[in-house]
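Visitor: I would like to go through this model with you and ask, at each step, what a given description rests on.

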Amino acid sequence: MIKEISAETLRKDFPIFERTIRGKKLVYLDNAATSQKPIQVISKIEEFYKMHNANIHRSVHLLSYEATVEYEEAHKKVARFINANSWQEIIFVRNATEGINLIAYSLGLNRLKEGDEIIIAISEHHSNLVPWQFVARKTGAKLKYIDINDDYTLSIDNYKKLLTERTKIVSVGHASNITGIINPVKEIVSLAKEVGAITIVDGAQGLPHLKVDVQDIGCDFYVGTGHKMCGPTGIGFVYGKKEILEEMEPFLYGGDMIDTVTTEGSTWNELPWKFEAGTANIAGGIGLGAAVDYLSSIGMENVEKIEREITAYALERLSSIKGIKLFTPNKVEGRLGVFSFVVDGVHPHDVAYILDREGVAIRSGHHCAQPLLNRIGADSGTARISTYIYNTKEDIDIAVEAIEKVKSVFKV
Amino acid sequence: MDDIYLEHILDHFKSPRNYGILEDANYVYEGGNPTCGDMVKFFVKVSDGKIEDIRFIGKGCAISQASASILTELVKGKDLEFVKNMTKEQLLDELGIELSPTRLKCALLSIETLKIALFGELS
Ligand SMILES: Cc1ncc(COP(=O)(O)O)c(C=O)c1O
């Protein structure tokens, strides 16, 4: 039977929508912060703890064998999902932040020296910004920021001017968690390659929504975070090209990441375990595998299609509200369903508070991207609506009505 | 809890009393909630142990700013001792709204900042 895939049908996979918020329908529009979890992922984690729980790589008993196979299989699922060359190129970490720190410490600190340059964009999330400030401070390298155009897209002209033979690392977000803009990562990577720089893509906001092929993008590293893509919290991954990972120093040292240990020294385990020190988040990894299975069963082309529809509707409805300013391009292509806005005369927290009273969950504040907010003139923060595969037009209608309520409460 | 945006709160938010900078203040302190970005800065002129004048500037949500405005009206002309002994509950009573734990820190930013301005610590 071919069933039509739509937000309405997908929604039924997410048990949280069975609950209400103070008697009102839950309208969850804070997906850029974290997504909800489908029953397929929840059950998989529960099944692991009920049936297979054991430590991995350590014991000969059956449970340990089963846990090890499942955990390795999860790496393979992620590898297939992003079209990595080998599953050994997938390192599980806690989240995108830890993934970027892994690269910053293991590669950045060891390879960079005074006079070298790192390029990121002004639109980065703090997790792809603060680690590079640290690397720059420690090594004497210089950190440069790609500016944005008036339509919030990255300025490729500006990027080209920043690129020199001194550029050693280029690290950019796949998509912005403020404006929703999808960056032309393939072009950014290919320009960086011309000067021989290492390229990193922070996929925290890209991967949940877009079909990603790391070999097509051509990047050296791609970082993902499970909780924004239907997976559990506490699990993410770093994809890295094998040749580069093999040359890199480990990030954390201890158990599981070694081959042999003597009092004189140690040698490192093979990939990816060299970078997974200590007992892993086994259930989390398996849960991430289930999330990837879930998204694959929908098909990322379908995910993109469903999201484009709700993005178009949200854009139309939100831009027709009087007295709000949207910090987002007025187009449907090249962007995600992320809408940062301010209501004139009302602080973003008050907006989020009143929406919460209507059952509508949104984020307010600086969204961990202060340089971008200053750049676009939203120093006091914004309110942010962000959609995912289960959001319906009714969700948007309720949110828009709630924004009208904000205006009437504040008489603006 | 549904009605925290009462008339007087919105009035203080939109037309804050004692708003601005006090050039001859002898106590100045800026406090903030880094997570939500609320900020208030008090300028206090104290003479003979009395708050002779007080102003504030700030930005943030309606609760944090209305609270600062209401607080300036409360303490202006009072002895330092009055501020020292003032409790959070007294300020909340004056605001006259019931707040959830997450919004409480918006309301209390003003009194905490003013106490640090005058006494260097929370009392
Ligand atoms: C663009 C971007 N990068 C990185 C992150 C960090 O993700 P995490 O908190 O899972 O490490 C986020 C999420 O908040 C994000 O939006």
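Guide: The questions below turn to chain B, then to the domains of chain A, and then to the contact of the two chains, all in a predicted model.

Visitor: What makes chain B as compact as a globular protein of its length?

Guide: Chain B comes to 5 helices and 3 strands, which follow the pattern α-β-β-β-α-α-α-α along the sequence. Its radius of gyration is 13 Å, and the globule rule, 2.2 Å times the number of residues to the power 0.38, gives 14 Å for 123 residues; the two values are close, so chain B is as compact as a globular protein of that length. Along its principal axes, the C-alpha trace of chain B spans about 45 × 25 × 25 Å.

Visitor: How many of the residues of chain B count as buried, and what makes a residue count as such?

Guide: A residue is called buried because 20 or more other C-beta atoms lie within 10 Å of its own, and 37% of the 123 residues of chain B count as buried.

Visitor: How do you know what share of the contacts in chain B join residues at least 24 apart?

Guide: Among contacts between residues at least 6 apart in sequence, 62% join residues at least 24 apart in chain B, where a contact requires C-beta atoms within 7 Å.

Visitor: What describes the packing of helix H2 and helix H5 of chain B?

Guide: Helix H2 (residues 62-75) and helix H5 (residues 101-119) of chain B pack at an angle of about 35°, with their axes 8 Å apart, and the crossing of H2(B) and H5(B) is right-handed. The contact includes B:Ile63, B:Ala68 and B:Leu71 of H2(B) as well as B:Cys106, B:Leu109 and B:Leu114 of H5(B), and its residues divide into 8 nonpolar, 3 polar and 1 charged.

Visitor: Which stretches make up the domains of chain A, and how many residues are in contact between them?

Guide: Chain A is divided into domain 1 (7-30 + 299-409) and domain 2 (42-297), with their C-alpha centres 28 Å apart. In chain A, 23 residues of domain 1 are in contact with 22 residues of domain 2. On the domain 1 side, H11(A) gives the most, with 5 residues, and by class that side has 13 nonpolar, 5 polar and 5 charged residues.

Visitor: What makes up the contact of chain B with chain A?

Guide: The contact takes 10 residues from chain B and 11 residues from chain A, and the side of chain B that touches chain A has 5 nonpolar, 2 polar and 3 charged residues.

Methods
Residues numbered from 1 in each chain as written. Chains lettered and ligands numbered in written order. Predicted model: local features only at pLDDT ≥ 70, side-chain atom pairs only at ≥ 80, totals over all residues. Contact = placed C-beta atoms within 7 Å. Nonpolar A, V, L, I, M, F, W, Y, C, P; charged D, E, K, R; others polar. Helix = DSSP H or I, 4+ residues; strand = E, 2+ residues; numbered from the N terminus. Buried ≥ 20, exposed ≤ 12 C-beta atoms within 10 Å, placed from the backbone. Axes fitted to C-alpha atoms, helices over the stretch in contact; angles between N-to-C directions. Left-handed = near helix turned anticlockwise from the far one by under 90°. Domains from an automatic or database assignment.
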